[in-house]
Amino acid sequence: MSDKKKNDNIRCSVSQCLHNMVTEDYCSLGCISVGTHEENPTVPECTDCNSFVKRTGCCQ
Ligand code: SF4
């Protein structure tokens, strides 16, 4: 559980995600998958991290 290792190459502030370091704004995965929910993405808000997993006890 606590052996998560920060990936210096992936900054992320989504603390509700199981893979987030929480104490630092970084992801702990070695690689993530990013996608979009739009037909023609034009701004960052159009993109999604598809590796997101809801952290237990969060976002009830
Ligand atoms: S999996 Fe995606 S949302 Fe979750 S911490 Fe990593 S980059 Fe952020």
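This text walks through the structure, from its overall build to a few single residues.

The model is predicted. Start with the whole chain. The protein counts 60 residues, and 22% of them are buried. Regular elements are scarce in the count: there are 2 strands and 0 helices. Along the principal axes, the C-alpha atoms fill a box of roughly 40 × 30 × 15 Å.

Next, consider how the chain meets itself. Take the contacts with a separation of 6 or more: residues 24 or more positions apart account for 22% of them.

Now turn to the surface. The protein exposes about 4700 Å². Carbon and sulfur atoms supply 51% of that area. Charge is carried by 8 negative and 6 positive side chains. The centres of these two sets lie 11 Å apart.

Leu 18 gives a first close view. This residue sits in the segment before strand S1, which spans 34-36. Is Leu 18 buried or partly exposed? Its relative accessibility is 33%, so Leu 18 counts as partly exposed. Leu 18 also pairs with a residue far along the sequence: Arg 55 is 37 residues away. In space, the C-alpha atoms of Leu 18 and Arg 55 are 4.2 Å apart. Arg 55 is also among the residues that Leu 18 touches, when those up to four places away in sequence are not counted. The others in that list are Lys 4, Val 53 and Lys 54.

Ser 28 lies in the segment before S1 too. Its relative accessibility is 18%, and under 20% means buried. Therefore Ser 28 counts as buried. What lies around Ser 28, beyond its neighbours within four places in sequence? Its contacts there are Lys 4, Lys 5, Asn 7, His 19 and Met 21. With His 19 there is a polar detail to look for. A polar atom of the Ser 28 side chain lies 2.7 Å from the backbone oxygen of His 19. Lys 4 appears in both contact lists, that of Leu 18 and that of Ser 28.

Last come the cysteines. A disulfide is a covalent bond between the sulfur atoms of two cysteines. The structure holds 0 disulfides. Why does Cys 46 form no such bond? The closest cysteine sulfur, in Cys 49, is 16 Å from the sulfur of Cys 46, so the gap is too far for a bond. The two residues also differ in burial class. Cys 46 is buried, because its relative accessible area is 8%. Cys 49, at 38% relative accessibility, counts as partly exposed.

How values were computed
Residues are numbered from 1 along each chain as its sequence is written. This is a predicted model: local features need pLDDT of at least 70, side-chain atom pairs count only at pLDDT 80 or more; totals for chains, interfaces and linings use all residues. Side-chain values use heavy atoms; hydrogens and water are left out. Helices (H or I, at least four residues) and strands (E, at least two) are DSSP runs, numbered from the N terminus. Buried means under 20% relative accessible area, exposed over 50%, partly exposed in between (1.4 Å probe, protein chains only). Contact means heavy atoms within 4.5 Å. A polar contact is a pair of N or O atoms within 3.5 Å; within protein, one must be able to donate a hydrogen and the other to accept it, and residues adjacent in sequence count only if both atoms are side-chain atoms. Accessible areas come from the Shrake-Rupley method with a 1.4 Å probe; for residues, only the protein chains shown count as cover. Lys and Arg count as positive and Asp and Glu as negative; His and the chain ends are not counted. The place of a charge is taken as NZ of Lys, CZ of Arg, CG of Asp or CD of Glu. A disulfide is a pair of cysteine sulfur atoms within 2.5 Å.
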